[in-house]
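Visitor: I should like to go through this model with you, one topic at a time. May I begin with a side chain and its backbone partner?

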Amino acid sequence: MSQRSIRPRRLRSTPAMRRLVAETRLHPADLVLPMFVREGITEPVAIGSMPGVVHHTLDSLKSAIAGAAETGIGGVMLFGVPLEKDAVGSGATDPDGILNAGIRAAVAEAGDALVVQSDLCLDEFTDHGHCGVLDALGRVDNEATLERYRDMALVQAASGAQMLGLSGMMDGQTGVVREALEGSGFVDTAILAYAAKYASAYYGPFREAVNSSLVGDRRAYQMDAANRREGMLEVDLDIAEGADVVMVKPAGSYLDVLADVAASSTVPVWAYQVSGEYAMIEAAAANGWIDRERAIDESVLAIKRAGADVVLTYWAVELAERLRR
Ligand code: PBG
């Protein structure tokens, strides 16, 4: 047999052939939509740095969830944007705080159609914008923050959240939240641990989206972009502490970390295509510099190919609709 008879192009010759041999497929159920619910507005408000993404009122959140459920996506991840902030993020543990009210509204609307998840972190609720509470020297206090996360977990679970997204990057957060949930009878509330979450410039548009008051950065708790091996340490710890799912975030610039985690994790591995990844493609497309739909499809497919079981993406609904056509 001559070398010439091995022709990889054979399997690329027609659309039907390419579809048949595709190694990676996207399905609507693989997609989770991050959503923002904001206190004190009466109409949805556009987010300038994320064209197509809005701050929802409680009512528009409900109708958007009904629409999202129609497309067959797997879930939604809720973020709250409160009117008032303070040093300890009181709004996060107020049962009537905007995020907890949003969870109740979302769960009532979604029924069994999709899984309602909530962000468990303090940054949207603190006036200094950090993911935890500060000590006397202005550093994020790990243990004091865990106390807040514990209370937040119980309020979110009581509000009906089916999965809690622990995105704060405090040491021991998964263990503390698991213990609190078990201790209060919330044995079926799942934990999505943002295990390998990097301090990233790609969160820029999100900071506008949550009206972030952050001064400085999160490098003293989120991971350093230089570190690949450390991603595995974080994943191992979270699984040992009781995570049901682990996350790598951001996605596109961390596909190596994602592939490592996917190769060894014993629990599902998800990835978050963050606001900056979204904004870059939207901005290039708006300028006519890139084919918008092809770039979106390719960016999300790449995240699946690298090993993500599920992708959190602001394009979840659009993608699911395209997949169903
Ligand atoms: C923290 C949190 C952030 C994002 C999700 N959860 C911001 C941060 O760590 O600064 C970013 C999401 C995105 O950029 O799309 N609660």
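Visitor: Which side chain has a polar atom 2.9 Å from the backbone nitrogen of Tyr202?

Guide: That is the side chain of Ser200, which places a polar atom 2.9 Å from the backbone nitrogen of Tyr202. Please bear in mind that this is a predicted model.

Visitor: Where does Ser200 lie?

Guide: Ser200 belongs to the loop that runs between strand E7 (190–197) and helix H6 (204–209).

Visitor: Is Ser200 buried or exposed?

Guide: Ser200 is buried, because its relative accessible area is 11% and the cut-off for buried is under 20%.

Visitor: Turning to the ligand, how many residues surround it?

Guide: The ligand is surrounded by 18 residues, of which the closest are Asp123, Arg207, Lys249, Ser275 and Tyr314.

Visitor: What does the side chain of Tyr314 offer the ligand?

Guide: An N or O atom in the side chain of Tyr314 is 2.6 Å from an oxygen atom of the ligand. For Arg218, a side-chain N or O atom is 2.8 Å from a ligand oxygen. In the case of Ser167, a side-chain N or O atom is 3.3 Å from a nitrogen atom of the ligand.

Visitor: How much of the ligand does the protein bury?

Guide: The protein buries 100% of the 400 Å² that the ligand exposes when taken alone.

Visitor: A change of topic: how many disulfides does the structure hold?

Guide: The structure holds zero disulfides. Cys121 is in no disulfide, and its nearest cysteine sulfur, that of Cys131, is 3.4 Å away. Cys131 is likewise in no disulfide, with the sulfur of Cys121 as its nearest cysteine sulfur.

Visitor: Why does the pair of Cys121 and Cys131 not count as a disulfide?

Guide: The two sulfurs are 3.4 Å apart, and a disulfide is counted only within 2.5 Å, so the pair does not qualify.

Visitor: And is Cys121 buried or exposed?

Guide: Cys121 counts as buried, because its relative accessibility is 1%. Cys131 also counts as buried, at 1% relative accessibility.

Visitor: Finally, the surface. Which residues make the nonpolar patch?

Guide: Leu11, Leu20 and Val21 make a nonpolar surface patch of about 270 Å². Among them, Leu20 lies in helix H1 (residues 15–21).

Visitor: Why does Leu20 count as exposed?

Guide: Leu20 has 63% relative accessibility, so it counts as exposed, the cut-off being over 50%.

Methods:
Residues are numbered from 1 along each chain as its sequence is written. This is a predicted model: local features need pLDDT of at least 70, side-chain atom pairs count only at pLDDT 80 or more; totals for chains, interfaces and linings use all residues. Side-chain values use heavy atoms; hydrogens and water are left out. Patches are made of residues with over 30% relative accessible area and no salt bridge: like charges are joined within 9 Å, nonpolar side chains (Val, Leu, Ile, Met, Phe, Trp, Tyr) within 5 Å. Accessible areas come from the Shrake-Rupley method with a 1.4 Å probe; for residues, only the protein chains shown count as cover. A salt bridge is a side-chain nitrogen of Lys or Arg within 4 Å of a carboxyl oxygen of Asp or Glu. Helices (H or I, at least four residues) and strands (E, at least two) are DSSP runs, numbered from the N terminus. Buried means under 20% relative accessible area, exposed over 50%, partly exposed in between (1.4 Å probe, protein chains only). A residue is near a molecule or strand if one of its heavy atoms lies within 4 Å of it. A polar contact is a pair of N or O atoms within 3.5 Å; within protein, one must be able to donate a hydrogen and the other to accept it, and residues adjacent in sequence count only if both atoms are side-chain atoms.
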